[in-house]
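Me: I would like to go through this model with you, beginning with its pockets. Please keep the answers plain.

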Amino acid sequence: MAWNIHPHWSAPLTPKLWLEIATQGLAPQAAERVRAEHLAHLDDAVDAGESVEDVLREWGDPHRANDAFRKAHLTVTDRGLLHPGYALSAAGWRRAIFEESEFGRSGVVVLLPMLFSLFREFFTPNVALMSVLGLVLVVPTLRWFLIAALRLGGLARVLVAWGLSGWGSMVMLLCLALRHPPQGGNDTWGLGLTLTLGLLWFWRLWAALRALHKVESSNAVN
């Protein structure tokens, strides 16, 4: 709005500003590659007699370019969805145990009391204790062992990291609890929570597979 009313208020679009906007949200390596390619094109065009303004017009709107780059290159979000793997060592096991704190243990802490209150009859003290131990210790240990010992990579690593995640464990616990609804109660809230978490869980798989496809396409080009 300010630019339409007073064009002189807006900062002039320079190649540096264009690239900052166009590479926003890209993973560092992808952003560096885009910058290098465009700066090389700019140098060649200027050497051929074109002006910087002409080159910027050829590049087009930086926000639209950013949308296109996000579809073709890894983003910061994609990097978080693609599991880097573990070493088969004590340090690797510790990383797997504490990794859930980065990818949603705080959310699990909030959801578990809600889960226990919705399904009091199913989550007896023993079941509740086993559920917490499974989420915090058993599932991360199994994820670490499968990825590290089998040296999984690519699609197999994506599937194991997704299936043995905190989100996956919560969805499975909810599905088990729904088989034992409260006597005379209404399990609508439990079903809604299960469907919501299930959709989020499968969305993470879809996003991780998309990110994996970007990596494989990039490797094929290189």
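Me: How much space lies in the largest pocket?
Reply: The model is a predicted one, and its largest pocket holds about 310 Å³ of space.

Me: Which residues lie nearest the centre of that pocket?
Reply: Of the 14 residues that line the largest pocket, those nearest its centre are Gln-29, Arg-33, Leu-74, Arg-79 and Val-215. Two elements, α3 (28-47) and α12 (188-221), give two or more residues to this lining.

Me: And which element gives the most?
Reply: That is α12, which contributes four residues to the lining of the largest pocket.

Me: What is the make-up of the lining by class?
Reply: The lining of the largest pocket has six nonpolar, five polar and three charged residues.

Me: Now the second largest pocket. How much space is there, and what lines it?
Reply: The second largest pocket has about 170 Å³ of space. Its lining consists of Val-127, Met-130, Ser-131, Gly-134, Leu-135, Val-139, Gly-163, Leu-164, Ser-169, Met-172, Leu-173 and Leu-176.

Me: Which elements do those come from?
Reply: Both α9 (125-149) and α11 (166-178) supply at least two residues of that lining. The largest share is from α9, with six residues.

Me: How many charged residues are in that lining?
Reply: There are no charged residues in the lining of the second largest pocket; the classes present are nonpolar, with eight, and polar, with four.

Me: Let us step back to the whole chain. How many helices and strands does it have?
Reply: The protein chain has twelve helices and zero strands. Buried residues account for 37% of its 222 residues.

Me: What about contacts over a long sequence separation?
Reply: If one takes the contacts between residues at least 6 apart in sequence, 74% of them join residues at least 24 apart.

Me: Which residues have the most contacts inside the largest nonpolar core?
Reply: They are Leu-74, Leu-82, Val-158 and Leu-197, in a core of 19 residues. The elements giving two or more residues to this core are α10 (154-163), α11 and α12. The greatest contribution is from α12, with eight residues.

Me: Where else is there a core?
Reply: Another core lies apart from that one and has 14 residues, including Leu-26, Ala-31, Val-55 and Leu-56.

Me: Leu-74 has come up twice. What does it touch?
Reply: Leaving out residues up to four places away in sequence, Leu-74 touches Leu-26, Ala-27, Ala-30, Arg-79, Leu-82, Ala-211, Lys-214 and Val-215. Leu-74 also lies among the residues nearest the centre of the largest pocket.

Me: Turning to α4, which of its residues are buried?
Reply: In α4, residues 52-59, the buried ones are Val-55, Leu-56 and Trp-59. They lie on the same side of α4, because they cover an arc of only 100° around the axis.

Me: Why would residues with that spacing point the same way?
Reply: An α-helix has 3.6 residues a turn, so residues three or four places apart point the same way.

Me: What covers the buried residues of α4?
Reply: The cover includes α2 (15-22) and α3. Just after α4 comes Gly-60, which has a positive phi of about 85°.

Me: Which residue that is not a glycine has a positive phi?
Reply: Arg-151 has one, of about 55°. Most residues other than glycine have a negative phi. Arg-151 sits in the loop between α9 and α10.

Me: Is Arg-151 buried or exposed?
Reply: Arg-151 is exposed: its relative accessible area is 76%, and the cut-off for exposed is over 50%.

Me: Then Met-170, buried or exposed?
Reply: Met-170, in helix α11, is buried, because its relative accessible area of 2% is under 20%. Its C-alpha atom is separated by 7.9 Å from that of Leu-197, 27 residues apart along the chain.

Me: One more: where is Asn-66, and what is it in contact with?
Reply: Asn-66 belongs to helix α5, residues 62-72, and is buried, with a relative accessible area of 8%. Neighbours within four places in sequence aside, Asn-66 is in contact with Ile-21, Ala-22, Thr-23 and Gln-24.

Note on methods
Residues are numbered from 1 along each chain as its sequence is written. This is a predicted model: local features need pLDDT of at least 70, side-chain atom pairs count only at pLDDT 80 or more; totals for chains, interfaces and linings use all residues. Side-chain values use heavy atoms; hydrogens and water are left out. On a 1 Å grid over the protein atoms alone, a cavity is a set of points where a 1.4 Å probe fits but cannot get out, and a pocket is an open set with protein on both sides within 12 Å along at least five of seven lines; lining residues have an atom within 4 Å of a point. Grid points are joined across faces, edges and corners, and a volume is the space filled by probe spheres set on the points. Ala, Val, Leu, Ile, Met, Phe, Trp, Tyr, Cys and Pro count as nonpolar, Asp, Glu, Lys and Arg as charged, and the others, Gly among them, as polar. Buried means under 20% relative accessible area, exposed over 50%, partly exposed in between (1.4 Å probe, protein chains only). The arc is that of the directions from the helix axis to the C-beta atoms. Contact means heavy atoms within 4.5 Å. A nonpolar core is a set of buried Ala, Val, Leu, Ile, Met, Phe, Trp, Tyr and Cys residues joined through side-chain atoms within 4.5 Å.
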